[in-house]
Amino acid sequence: MSKIDYNLLKIKGIVCDVDGVLSPTVVPMDANGVPQRMANLKDGYAMQLAVKKGIRFAIISGADVQQVRNRFMKLGITDIFLGAGMDKLEALKKWLNDSGLKPDEVAYLGDDIPDLAPMLAVGLPVAPRDAAIEVRAIARYITAADGGRGVAREVVEQVLKAQDLWPVTAASFGL
């Protein structure tokens, strides 16, 4: 039984912000002051499985770092919008148009002010537990996980279970 109060059978697409959702908000920096993003392996497993099961994914981030693009491409995600800044809604609209998905078929996982507009434009806005208060106020679902600590896994697992697509045996690992 899902904890998300939404018809998860409708979800055909999931959009994720990176910093604060798929990576923690506190990260080490290199000698040049560039944040070194971390990746949650359970998020990655769930995301690549969802892609293989037919769920469309998009990454929309203000960051424009090649390592971020590489990470998600390795998971099978090809719709990656980096450097979106405050224009995340425009990137979302382009993705919706290109993918043919309807807003009510999409979950958007965001954590901060630039995510407000795109979150309001989809059927299922989701926020990590430690998201900005304004974001939590508009979310239909707030995860038990903080950003970077399994937010995508928590949502993707519930979506795939609702659609009877979640693997139930260890033999399914790595599908």
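**A walk through the core, the sheet and three buried residues**

In this predicted model, the largest nonpolar core comprises 38 residues, and those with the most contacts inside it are I14, M47, F57, I59, F72 and L109. At least two residues of this core come from each of β1 (13-16), α1 (41-52), β2 (56-60), α2 (66-74), β4 (106-109), β5 (124-127) and α6 (151-162). Helix α6 gives the most to this core, namely six residues. Apart from this core lies another one, of 20 residues, which includes L92, A127, A132 and A139. In soluble globular proteins, nonpolar side chains tend to be buried together.

The elements that surround these cores may now be placed in order. The chain contains six helices and six strands. Followed along the sequence, these elements give the pattern β-α-β-α-β-α-β-α-β-α-β-α. The six strands form an open sheet, arranged in the order β3-β2-β1-β4-β5-β6, and their pairing is parallel. At the edges stand β3 (79-81) and β6 (141-142), each of which pairs on one side only.

Strand β4 deserves a closer look. Toward one neighbour, β4 pairs with β1 in the parallel sense over four bridges, and in this pairing G13 stands opposite V106 in β4. Toward the other, three bridges join β4 to β5, and these two strands also run parallel. Here L109 stands opposite V126 in β5. Both faces of β4 are covered: V106 and Y108 on one side, and A107 and L109 on the other, are all buried.

L109, already named among the residues with the most contacts inside the largest core, shows how several parts of the chain meet. When its neighbours within four places in sequence are left aside, L109 is in contact with I14, V15, C16, D17, V21, V126, V151, A152 and V155.

Which strand does I11 precede? I11 lies in the segment before β1. I11 is buried, because its relative accessible area is 1%, and buried means under 20%. The C-alpha atoms of I11 and V106 are separated by 5.4 Å, although these residues are 95 residues apart along the chain. Beyond its neighbours within four places in sequence, I11 is in contact with Y6, I55, D104, E105, V106, A107, L124, V159 and Q163.

Two further residues, K88 and Q48, are buried as well, and each has a polar contact through its side chain. K88 is found in helix α3 (residues 88-99). With a relative accessible area of 4%, K88 falls under the 20% limit and is therefore buried. Its side chain makes a polar contact with the side chain of D17, at 3.0 Å. Not counting residues up to four places away in sequence, K88 touches D17, I60, S61, G62, Y108, P114, D115 and P118. Among these, Y108 is one of the buried residues of β4, and D17 is also in contact with L109.

Q48 has its place in helix α1. Is Q48 buried or exposed? Q48 has a relative accessible area of 11%, so it counts as buried under the 20% limit. The side chain of Q48 reaches the backbone oxygen of Y45 at 3.0 Å.

The chain as a whole completes the picture. Buried residues make up 51% of its 175 residues. Of the contacts in the chain with a separation of 6 or more, 55% are between residues 24 or more positions apart. The pair I11 and V106, which are in contact and lie 95 residues apart, is one example of such a contact.

The overall dimensions can be stated briefly. A compact globule of 175 residues would have a radius of gyration near 16 Å, and the chain has 15 Å; the chain therefore agrees with that expectation. Along its principal axes, the C-alpha trace spans about 45 × 35 × 30 Å. The chain exposes about 8,600 Å², and carbon and sulfur atoms supply 54% of this area.

Conventions. Residues numbered from 1 in each chain as written. Predicted model: local features only at pLDDT ≥ 70, side-chain atom pairs only at ≥ 80, totals over all residues. Heavy atoms only, no water. Core = buried A, V, L, I, M, F, W, Y, C linked by side-chain atoms within 4.5 Å. Buried < 20%, exposed > 50% of the residue type's maximum accessible area, 1.4 Å probe, protein only. Contact = heavy atoms within 4.5 Å. Polar contact = N/O pair within 3.5 Å; in protein donor to acceptor, adjacent residues only side chain to side chain. Pairing = 2+ DSSP bridges. Rg over C-alpha atoms; globule rule 2.2 N^0.38 Å. Areas by Shrake-Rupley, 256 points an atom, 1.4 Å probe, with all protein chains shown as cover.
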